[in-house]
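I opened this notebook to keep track of what I looked up, entry by entry. I begin with empty space inside the protein and then turn to the helices.

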Amino acid sequence: MMDFSGGAYGGGKAGGAFDPIGFVMRPTVILRAVCWLFAIIVFGCVSSEGWREENGKEYCIINRDANACNYAVGIGVIAFLASMGFIAGEYLFEQMSSVKTRKHYVLGDLGFSALWTFLYFVGFCYLTNAWGKADDPPNGEGVNNVQASIVFSFFSIFTWAGCAYFAYLRFKAGVDPSFQSTYESDPNATTQYSAYPVGGAGGESDQFQQQQPFGGGQQQQQQPGGDFNPAY
């Protein structure tokens, strides 16, 4: 089980060294790879052996229901592409320096994974029901492929549910307060006041510093005739 506590949505600071072995061994990456493999089996089995030709027309051997074959191929192909995209996202996740970008990625992962969990559940029920009503194909051709597609649709329910669970843990972890200022500053924050200058030719600060207390101390008064008498 991965520990998503600390950091920003389960990831450390951006710009760290990439560890290929550690990346491959991540549970999220392994689970994505399993989803990718199951997707290939689901759409590959139906695409290769799920169709037959009769009187110049193709029909689906799953109860002659073209929608059943198209559904299995559709969710499988999209899951195949999405799995590769999320594996790439796992690699780029540690490089995301923006908290908002990470949050959007995690929410997208959570939503898509939950949706595909549901679609695979619907697909499993749909294919199982249609296959139960179908006639046996001539010479049993395509039976193993269809059954494999149904079985791995069932397995995919749990793999995509696991992906959704990991995404939920990331979202729940949120952002560590100590990391918040590291990733991005608050755009609404006011500009900090700069310190008063210490020096500057002819500046007001020089005049202020040169001004003596109590009217400049003792002043000399000039008397007529050019003599100066100190004031007591």
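**Entry 1: terms for empty space.** Before counting, I noted that a cavity is a set of points, on a 1 Å grid over the protein atoms alone, where a 1.4 Å probe fits but cannot get out, and that lining residues have an atom within 4 Å of a point. Grid points are joined across faces, edges and corners, and a volume is the space filled by probe spheres set on the points. I also wrote down that this is a predicted model, in which local features need pLDDT of at least 70 and side-chain atom pairs count only at pLDDT 80 or more, while totals for chains, interfaces and linings use all residues. Residues are numbered from 1 along each chain as its sequence is written, and side-chain values use heavy atoms, with hydrogens and water left out.

**Entry 2: the cavity.** How many cavities of 30 Å³ or more are there? I found one, and the largest cavity holds about 50 Å³ of space. Its lining is made up of Thr28, Arg32, Glu90, Asp109, Cys163, Phe166, Ala167 and Arg170. Sorting that lining by class, I get four charged residues (Asp, Glu, Lys and Arg count as charged), three nonpolar ones (Ala, Val, Leu, Ile, Met, Phe, Trp, Tyr, Cys and Pro) and one polar residue (the others, Gly among them). Helix 5 (143-173) gives the most to this lining, with four residues, and helix 2 (27-49) also supplies at least two.

**Entry 3: the whole chain.** I counted eight helices and four strands, where helices (H or I, at least four residues) and strands (E, at least two) are DSSP runs numbered from the N terminus. Read along the sequence, they follow the pattern α-α-β-β-α-α-α-α-α-α-β-β. Of the 232 residues, 32% are buried, a word I use for under 20% relative accessible area, with exposed meaning over 50% and partly exposed in between (1.4 Å probe, protein chains only).

**Entry 4: helix 2.** The 23 residues of helix 2 should span 33 Å at 1.5 Å a residue, and its end C-alpha atoms are indeed 33 Å apart; the expected span is 1.5 Å times one less than the number of residues. Among its buried residues are Thr28 and Arg32, both of which I had already met in the cavity lining. The cover over the buried residues of helix 2 includes helix 1 (20-24), strand 1 (51-54), helix 3, helix 4 (99-133) and helix 5. Is Ile40, which sits in helix 2, buried or partly exposed? Ile40 counts as partly exposed because its relative accessibility is 29%. Leaving aside neighbours within four places in sequence, Ile40 is in contact (heavy atoms within 4.5 Å) with Cys45 and Phe80.

**Entry 5: helix 3.** Ser83 lies in helix 3 and is buried, with a relative accessible area of 0%. A polar atom of its side chain lies 2.7 Å from the backbone oxygen of Ala79. Beyond its neighbours within four places in sequence, Ser83 is in contact with Arg32, Cys35, Trp36 and Trp160.

**Entry 6: helix 4.** Trp131 is found in helix 4 and counts as buried because its relative accessibility is 17%. Trp131 touches, among others more than four places away in sequence, Ile61, Ile62 and Pro137.

Technical notes: 1 Å grid on protein atoms, 1.4 Å probe; cavity = no way out; pocket = protein on both sides within 12 Å on 5 of 7 lines; lining within 4 Å. Polar contact = N/O pair within 3.5 Å; in protein donor to acceptor, adjacent residues only side chain to side chain.
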